[in-house]
Amino acid sequence: MNTRNTPVVPVVVIGAGPTGLTAATLLARHGVECLVLDRWESIYPQPRAVHLDDEVYRILAGLGLRDEFAAISRPCHGLRLVRPDMTILAELARGADRGRHGYAEANMFDQPELEALLRANLARHPSATLRGGTEVTGLTQDGDGPVRVDVTDRVRGESETLLAAYVLGCDGANSLTRTVIDAHMLDLRFDQRWLVVDVDTACDLAEWEGVHQVCDTRRAATYMRVGHTRYRWEFRLAPTETADDYRDITRLHPLIAPWTKSTPLDQLHVLRVAEYTFRAQLADRWRDRRIFLLGDAAHLTPPFVGQGMGAGLRDAANLSWKLAAVLRGALPEHLLDTYEAERKPHAHAMIRLAKLIGTVMTGGGGVGGLVRRIVAPRLHHVPRIKQHILDSRTPPLRRTALVARPRLRRTLAGQLCPNAFADGTRRFDDLAAGRFALVTTTAPTPGEKSEIERCGAVVVTAEPGSALHRWLQRGRARAAIVRPDATVQRAGRDVPALAAGLASIRLPDRPIRSIPRPPFAPPAPLAPGSTEAQA
């Protein structure tokens, strides 16, 4: 097929799940035209993910969904470890108060409701288009040119070829994109079959409104309240069992009875009984030239720390601003390699944590049994351990060309800047609004501030006594350059030098639309004196 006169879409996103919708919305907010392709006409109706933390809530708020998500979610009160007889081993309570990122540290929700919010929000951006019922059948890269995207309309059966400057593969665990770029999932040695049960009932089960983890090698289980009338159970399956054994409520009831108690069976409306295999896997590479993997296409996390879906949204937040900067010529293309360099170790660390928690809670052997018998009942008496378990902070990003972390000195670089109060009324995110920011305890000179603002960045002055001021002090810094994804790029005590570095960044002055073909040339690199070039 001759594609010589076919316009080049700046970004094609494959998959309209939470990761793909988040990536497309963030790109649209940066002025990038993008096309989202999904094989399904509408939202997949079955619930899947049910939890996200305050870091991920912060990403949703950055999309403009702060209040909408609050309306469909409920704070989780922590974690309770229980024995098979339902007596309590340990209770690690978490309040519903806002954490360091401005939101509750654990939040329960229904994924179809979240996806409906994400789709409606994407529709507010004219530069983003969602096409459902469209299956991507092939991807072809020819040298450094645009990516050929072959698609088929699943209703009409018609085929079409598109061209994309970049392709984001957000197409799930069975990713076509991953196959095309010849990436392979590395098995991190965790494989468990679980029964997942979702129930709707108007009856209040009157249970503690946190996550209940039944620590039992014979029948490990998890219970949580997801919404006003929605409840989720997960039970580890024996080798001879399948989900079909429990589709009848009379067969299922003995499993959920410890929580439903005397609730009449006709008041328990089973929404789904499904079998899932919880796996720990990580793609060996996440990029091939102009094609990237995000979300479940790049990593699979066991659910024990509730980070599976959140990892995909973190991928989208990390990559979107960089891709927008490359498309406008503000970053050299090779810095897109920092996406995998930053996100892959972070995702791996969260997978390792999920494996550890899952093994301790449900595994057999001496270590698991010892922890459950002796250590678990005493966890809530050890403040440091309790604080570590309940802290929603995830590891800082490693040193890259866009994270200036000294090798032998602790620094704020790589951490997320907390969404803390800069003064008495306004938080960091309200002031930065998704832009580069200089967070400083010392206001820059009027000339420095003018240069920074002329480039589209913002100065956030942390007033003495404010939470943001204390954060800088604890990090032994007077100022920090914070990227659009809220990651600290560089921190230090030389405020003028940091201000000068930020002033050299060139931010967008026009939207990035479809471009005719030809021409198609790599973006221009940054000036040698720019912050990214020095990092």
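## How do two of the helices line up?

How are α12 and α14 oriented relative to each other? Before getting to that, keep in mind that what you're looking at is a predicted model. Helix α12 covers residues 446–454 and helix α14 covers residues 495–503. They pack at an angle of about 30 degrees, and their axes sit 8 Å apart. Angles under 35 degrees count as roughly parallel, and α12 and α14 are therefore roughly parallel to each other. Their crossing is left-handed.

On the α12 side, the contact is made by E448, E451 and I452. On the α14 side, P496, A499, L502 and A503 do the job. Sort the residues of this contact by type and you get five nonpolar, two charged and no polar ones.

## The chain as a whole

Stepping back, the chain has 15 helices and 23 strands. Of its 535 residues, 55% are buried. Now take the contacts in the chain with a separation of 6 or more: 72% of them are accounted for by residues 24 or more positions apart.

## Helix α1: a straightforward span

Helix α1 runs over residues 18–29. At 1.5 Å a residue, its 12 residues should span 16 Å, and the end C-alpha atoms are indeed 16 Å apart, so the two values agree.

How many of the residues of α1 are buried? It's 11 of the 12, so α1 is largely enclosed by the rest of the structure. The buried ones are P18, T19, G20, L21, T22, A23, A24, T25, L26, L27 and A28. Just after the helix comes G31, with a positive phi of about 90 degrees.

## Helix α6: coming up short

Now look at helix α6, residues 249–260. This helix has 12 residues, but its end C-alpha atoms are only 12 Å apart. A straight helix at 1.5 Å a residue would reach 16 Å, and α6 falls short of that.

Which residues of α6 are buried? They are L252, H253, L255, I256, W259 and T260. Strands help to cover them: the cover includes β12 (185–200), β13 (211–214) and β14 (221–225), along with β15 (230–236) and β16 (269–283). Once you're past the end of α6, you meet K261, which has a positive phi near 50 degrees.

How values were computed:
Residues numbered from 1 in each chain as written. Predicted model: local features only at pLDDT ≥ 70, side-chain atom pairs only at ≥ 80, totals over all residues. Heavy atoms only, no water. Axes fitted to C-alpha atoms, helices over the stretch in contact; angles between N-to-C directions. Helix = DSSP H or I, 4+ residues; strand = E, 2+ residues; numbered from the N terminus. Parallel < 35°, antiparallel > 145°, perpendicular 65-115°, else oblique. Left-handed = near helix turned anticlockwise from the far one by under 90°. Contact = heavy atoms within 4.5 Å. Nonpolar A, V, L, I, M, F, W, Y, C, P; charged D, E, K, R; others polar. Expected span 1.5 Å × (residues − 1). Buried < 20%, exposed > 50% of the residue type's maximum accessible area, 1.4 Å probe, protein only.
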